[in-house]
Amino acid sequence: MTTLLPPRPPAAPDNPAKGRPVRAGRARLNRPGLAWTLPATIFFLLFAVVPLIAVVVLSFMTWTGLGDPKFVGLENWQTLAGDSVMLKSLWLSVLFIVLGVATQTPVSILLGVWASGPQRNRAVLSAIFFLPLLLSSAAISVLWRALLDPNFGVPAQLKWLFGDGNLFGHQSTAIGVIIFVGMWQFTPFHTLIYQGAAKSVPPVLYQAAEIDGAGRARQFFSITLPQLRNSIITSVILMVVGGLTTFETVLILTNGGPGTDTTITAFYMYEEAFRRYNFGMGSAIALVLVIVATAISLIMVKASGYDKMRSTMEGL
Amino acid sequence: MRTRPNYIAGAAVTVWLLIVALPLYVMVAASVQSRTEFSANGPLSVPTSLTFENFLLVFDSGFGKYFLNTFLVTAGVVGIVLLVVPPLSYAIVRSQSRGTTLIFRFFLLGLAIPVQAVIVPMFYLINSVGLYDTLLGIILPTAAFALPICTLILSGTMRDITPELYEAMSVDGASTARTFLRLVLPLSKGGLSTIAVFAALQGWNGFLLPLILTQSESTKVITLGLFNFQTQYGINVPGILAAVMLSMVPVLLVYLFARRALVQGLMGVGGK
Amino acid sequence: MNKPSPRTPVLAAASMLAIGLTLAGCGGGDSAASDRPENELHVLVYGDASNDVETAMVEKFNETSDVKVVLDTIPGAEYQQKLQTVMSTDAAPDIFFNWGGGSISDFVDADLLMPLDDFIEEDPQLKDAFLPSVFDVATVDGTPYGVPMRGTQPVMLFHNKEVLAEAGIDEAPATWDELLEDVDKLKAAGKTPIALGGGDEWPTQMWFSYVYDRVAGPELFQSAIDGETDVWESDESKESLGMLRELVDAGAFGTNFQSVKFTDGGSPALLAGGQAGFELMGSWEYSTIQDTNPDFVANSLGWSAFPAIEGGKGDAANLVGNTNNYYSVLKDTKYPDAARDFLKLMYSDEFVQEQMSIGNLPTTTSTEQFLDQAADPDYARFQFGLVQDAPNFQLSWDQAYPPAATPTIHSAVADFFAGSIDEDGFIAAMQSLKK
């Protein structure tokens, strides 16, 4: 995903990773051996790959955190298959992703395209828009939970807007709050992606369109949007992965409630493992999460032809 | 050049400005008001007097310690990343062995593992090596999960070093290590600062790993402190907002003094 | 880029590592507190307003003891979840706060707790100084595992005297019908009749525990927890649910109770701030409000027993709540002697008096003689009377079941109040619980 990085100095046209020196005979080049990779590789194996394998193993075991894990075969998976909360959580995860993409994408495209333009107040406003990125997810959730307290926050002052302020008491408003807070938090980030991409649209395209008499809307839809295609794909993939792994926002804002109405899969995993001490089931849910995330990414990558683009990027 | 103002974009920008700026304004305004003044005047009012009692409350409830812990975690994560990623990226860019290609592939696959997915065994692992409820227990996995992105970013930077420069080093008879220290590192400063900021953000903003892997007051980091502060003082809105604001200050400083590195580091966060 | 396919060696190496680590992990799971500094005894308690007194007590203990007690707190909302996670780690406490009953049964099964028989043999006061009915709640299969600490915490109906007066209510309701009338009067006066921290879910559960107890008697819940889940389908169960439904539908809790929490101070602030008339809460309501609003406690806080329900099987004197809090000791503690000495403080006159000064009510045999020295003697005497006279003291549902059942119970009560599940949904959820 190197594509996300803001433009750096242009890459050398000849690819040094592949390009064997033509004049190899003249000076023997010292090349780093495999040993250089070992510290990072071993470290990553230990703390990321080993746990990933362990999660597979644990999903076939039962363990309460007390005593030793025991093998139970497929029991966790069978339970999970018939678990209505699990199904609901998957459905909610998908809903969160769809709503997240649907709200963040248009706003960040608009803002990104605007921010790439020549307006005079652009720098100041962009700096303000950037501010939510300086806060952690936990801080943002705590901020909004405090602001939205029905009796002691903003809703108590603006009753005409919020009514009784029972935002966390209905599924629809609870989801709405989470989606809104996600939008508040992540739109600046996606705006940056679109801003970079919109800047690199060749001005000559707009000039040509102007000569053809195309209006602004037409220019936006027939030039800007198509030129942003790759950025849109990148940004949406990031939203999907981010949406699937949303955790502290749900924990702090709604705690999965009311009832289980905002219990998305990542939160359900936490609840099953660290509130019911059902670490085997928790692992099985975690695996479902990995499988779903990978499947969605793969489908999107295939469907969009993004893989071709990416493999060329990898060769950079 | 287009001169006609774009009304749609202008309206969208204004609305968004309100959405972003109002809560931030409430945060700043509330944090310098007393609780009574805040609830009497409402969140959108202009503070008429300044008080620092909220910040005192925040520090009284242990935030000084949390800041220190978070700083240590951040430094540890950055340290590990800066120690292991440059040699790896160097090997990926310059080595021609099949092994390194494989390892690069392996790290690319690692991009797909979310930390949520492995939190249960991580708890087991950290616990069985005796690191539960220690800062090191947070640092190690946080750093590990920062590796794939950092490797990708730094390899990208290192690829921009032209072969001619390597050849020149070889002609001078420089060893691999010398080439790495004298040529590769100095020319990768941009990438190094990006991965440092990325790693720092991972350490600074981490929530799930500290939530699961620590427990006591002496190992608490800011994000968890905020979470606990909220469950204890939830309706003390000025107090909470003061805490949130304080948690932002260090990152704000980075933003003011190293904007470019921060933006690039953030873009890396998104890559996760 | 070429696709180098063989990833197998890497995976194989990783699996080897994984297996090695898993084996190593299995061997090393039982070393409580091995990495701690010497001479530290860690005491883990529920973080709330009682901590000040506990800190003071620990400081006093440390003045004379070579082994220093370190008080660790976990804020209330997270306490239970962390406890089991912590228990099997090196950070496990030596002594920990619990609710007896189901809250320790899993630990006993996992052989983590120290039977206190030896302590009691050395110092019989560790048992004899406490009311037997209270002491027994932390006894599992005849073996004592906990010493009562803090105090008994019956759930009572608290009220704001001024708000009630404003709405034309002379005294706290004695019966369910009076409660319903009061709800109407308070609504007419523009108040939220009853403050409820529905966001926390366990305050909602208190209403279920009491109504079930009054309608069906304590036997229904006892049968359920013994495994006879049919009782949830009984007529009494359905009648209880019907009454709860009626109360919610009457607007007794206002409309936004699900967004309000007790743990962040929200619902008590509604009561103390005059926005609500009643709140059903454990006796800790007193110390919680005392912390933020002592004037209100002194002038306007009132309390009463949960109203009687006409025609119900349960005795109107029955109580629901946390019978008591307990300290249990981990088997692996390095300093059993210091642990024992620390536990002895729990029945000391000084401890009893200090607890009473913040509104807690210890259940020692000496409590009665100190009632007049309590922060609020009336409150202390009222509470003590309730506990003494109660034919049955039902432990909170979520504490009576092992902790793994808690999310299910909490969701069920919250969903039922929200109206997102009906009678049948609630019954099905409760029947899904295993003992």
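**Exercise 1. Size of chain C**

Task: Which radius of gyration does chain C have, and how does this agree with a compact globule?

Solution:
- Step 1. This is a predicted model. Start with the length: chain C has 435 residues.
- Step 2. A compact globule with 435 residues would have a radius of gyration near 22 Å.
- Step 3. Chain C has 24 Å, which agrees.
- Step 4. Add the dimensions. The C-alpha trace of chain C spans about 75 × 70 × 45 Å along its principal axes.

**Exercise 2. Inside chain C**

Task: How many helices and strands does chain C have, and what percentage of its residues count as buried?

Solution:
- Step 1. Count the elements: chain C holds 22 helices and 13 strands.
- Step 2. Turn to burial. In chain C, 53% of the 435 residues count as buried.
- Step 3. Look at sequence separation. Take the contacts in chain C between residues at least 6 apart in sequence; 76% of them join residues at least 24 apart.

**Exercise 3. Confidence**

Task: Where in chain C does pLDDT stay under 50?

Solution:
- Step 1. Begin with the complex. The predictor gives an ipTM of 0.89 and a pTM of 0.84.
- Step 2. Go to the chain. The average pLDDT of chain C is 86, and 91% of the residues score at least 70.
- Step 3. Find the weak stretch: over residues 1-34 of chain C, pLDDT stays under 50. For these residues the model has 43 contacts beyond four places in sequence.
- Step 4. Apply the rule. Predicted coordinates should not be read in detail where pLDDT is low.

**Exercise 4. The two domains of chain C**

Task: Which element gives the largest share of the side of domain 1 of chain C that touches domain 2 of chain C?

Solution:
- Step 1. Set the bounds. In chain C, domain 1 is 40-152 + 323-394, and domain 2 is 154-321 + 401-431.
- Step 2. Take the distance: the C-alpha centres of domain 1 and domain 2 of chain C lie 27 Å apart.
- Step 3. Count the contact. Domain 1 of chain C brings 26 residues, and domain 2 of chain C brings 23 residues.
- Step 4. List the elements on the domain 1 side. In chain C, α3 (76-87), α4 (102-109), α19 (377-389) and β13 (393-395) give two or more residues to that side.
- Step 5. Choose: α19(C) gives the largest share, six residues.
- Step 6. Sort the domain 1 side of chain C by class. The residues that touch domain 2 divide into 11 nonpolar, 13 polar and two charged.

**Exercise 5. The two domains of chain B**

Task: How many residues of domain 1 of chain B are in contact with domain 2 of chain B?

Solution:
- Step 1. Divide the chain: in chain B, domain 1 is 1-51 and domain 2 is 52-271.
- Step 2. Their C-alpha centres lie 32 Å apart.
- Step 3. Count. Nine residues of domain 1 of chain B are in contact with 10 residues of domain 2 of chain B.
- Step 4. Find the sources. On the domain 1 side, α1 (7-31) and α2 (35-41) of chain B each supply at least two residues. The largest share, four residues, comes from α1(B).
- Step 5. Sort the domain 1 side of chain B that touches domain 2: four residues are nonpolar, four polar and one charged.

**Exercise 6. Enclosed helices**

Task: Why is helix α5 of chain B largely enclosed by the rest of the structure?

Solution:
- Step 1. Helix α5 of chain B covers residues 119-128. Its buried residues include B:Pro121, B:Phe123 and B:Asn127.
- Step 2. Conclude. Because 10 of the 10 residues of α5 of chain B are buried, this helix is largely enclosed by the rest of the structure.
- Step 3. Look just after α5(B): B:Gly130 takes a positive phi of about 75°.
- Step 4. Repeat for chain A. In helix α13 of chain A (residues 265-274), 10 of the 10 residues are buried, so this helix too is largely enclosed. Among the buried residues of α13(A) are A:Phe267, A:Glu271 and A:Glu272.

**Exercise 7. Core and chain contact**

Task: Which residues of the largest nonpolar core touch the most other members?

Solution:
- Step 1. The largest nonpolar core has 303 residues. B:Val81, B:Cys150, B:Ala199 and B:Val244 touch the most other members.
- Step 2. Follow one of them. Not counting residues up to four places away in sequence, B:Val81 touches B:Ala143, B:Ala146, B:Leu147, B:Cys150, B:Ile195 and B:Ala199.
- Step 3. Now cross between chains: 83 residues from chain A meet 88 residues from chain B.
- Step 4. Helix α1 (residues 38-58) of chain A gives the largest share of the chain A side, 13 residues.
- Step 5. By class, the side of chain A that touches chain B has 63 nonpolar, 14 polar and six charged residues.

Key
Residues numbered from 1 in each chain as written. Chains lettered and ligands numbered in written order. Predicted model: local features only at pLDDT ≥ 70, side-chain atom pairs only at ≥ 80, totals over all residues. Core = buried A, V, L, I, M, F, W, Y, C linked by C-beta atoms within 7 Å. Buried ≥ 20, exposed ≤ 12 C-beta atoms within 10 Å, placed from the backbone. Contact = placed C-beta atoms within 7 Å. pLDDT = per-residue confidence, 0-100. Domains from an automatic or database assignment. Nonpolar A, V, L, I, M, F, W, Y, C, P; charged D, E, K, R; others polar. Rg over C-alpha atoms; globule rule 2.2 N^0.38 Å.
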